[in-house]
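Here are my comments on the model you sent, set out as numbered points. Please read them with the coordinates open.

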Amino acid sequence: IESKMSAKKSRFDGLDVAAMTSHLKRTMLGFKLANVYDGSALGVNSSASGGGGNDKAARGVYMFKLADPSSGPAVPASVEKDDTDDTKIDDGDANNEDGDNVTSAKASHAAVDSKRVMLLIESGVRFHPTTHYSQSSSSSTSMPSNFAMKLRKHLRNLRLENVTQLGNLDRVVDFR
């Protein structure tokens with residue numbers, strides 16, 4: 001029996017929203033909003049418009065940087081732990097002579113990754129956590145949109161307390 005491939009999905013449906021809402025509740029509740037970025041300034045392409053790279057394609061796309069307040073200040077991944085630290089991660093390779101250096105680097109990198117999360121929100125289309133974003137060369141010189149600046153002003157340092165899907169499998173999400 002031959003199955004045909006369906007077209008690429010371009011929007012979340014009610015079940016996708018329910019699954020992502022559940023995921024955000026498990027992983028991001030309690031995180032504080034550190035900053036809001038415009039999708040056009042970060043080079044994020046809109047999935048609804050076919051992925052064009054112009055400003056119209058990225059309209060309605062925003063990245064929210066969330067920080068875990070319980071983890072304390074971020075430690076750069078390049079900082080090496082000293083040899084007096086007894087904290088080790090067992091990676092299953094007991095015969096590795098350089099295991100201590102590798103595991104301490106993995107631990108510090110994992111600690112940095114667990115402290116900051118980027119949440120991509122494309123209005124009416126999708127929302128999900130992401131770790132990959134690229135800054136375009138013009139992002140450092142361009143100003144964020146008025147809407148992004150308004151979001152920064154009113155939402156920065158607020159804590160994500162709840163994520164709920166309104167209605168029965170509707171595509172409306174309430175972030176509080």
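The points below move from the whole chain to one strand and then to a single acidic residue.

1. The model is a predicted one, and its protein chain contains four helices and six strands, which follow one another along the sequence in the pattern α-β-α-β-α-β-β-α-β-β.

2. Of the 176 residues in the protein chain, 28% are buried, while the accessible surface amounts to about 11,900 Å², with 51% of that area belonging to carbon and sulfur atoms. Where contacts in the protein chain link residues at least 6 apart in sequence, 75% of them join residues at least 24 apart.

3. Strand E1, residues 32-38, deserves a closer look: five of its seven residues are buried, so the strand is largely enclosed by the rest of the structure. E1 pairs with strand E2, residues 61-67, in the antiparallel sense over six bridges, and Asn 35 has Lys 65 in E2 as its bridge partner.

4. Asp 38 lies in E1, and which side chain of opposite charge is nearest to this buried residue? The nearest is that of Arg 152, at 7.6 Å; because a salt bridge requires the charged atoms to be within 4 Å, Asp 38 is left without one.

5. What the side chain of Asp 38 does reach is the backbone nitrogen of Ser 145, at 2.9 Å. Leaving aside residues up to four places away in sequence, Asp 38 touches Ser 145 together with Pro 144, Ala 148, Val 61 and Tyr 62, and E2, the pairing partner of E1, spans residues 61-67.

Note on methods: Residues are numbered from 1 along each chain as its sequence is written. This is a predicted model: local features need pLDDT of at least 70, side-chain atom pairs count only at pLDDT 80 or more; totals for chains, interfaces and linings use all residues. Side-chain values use heavy atoms; hydrogens and water are left out. Buried means under 20% relative accessible area, exposed over 50%, partly exposed in between (1.4 Å probe, protein chains only). Lys and Arg count as positive and Asp and Glu as negative; His and the chain ends are not counted. A polar contact is a pair of N or O atoms within 3.5 Å; within protein, one must be able to donate a hydrogen and the other to accept it, and residues adjacent in sequence count only if both atoms are side-chain atoms. Contact means heavy atoms within 4.5 Å. Helices (H or I, at least four residues) and strands (E, at least two) are DSSP runs, numbered from the N terminus. Two strands pair if DSSP finds at least two bridges between them. Accessible areas come from the Shrake-Rupley method with a 1.4 Å probe; for residues, only the protein chains shown count as cover.
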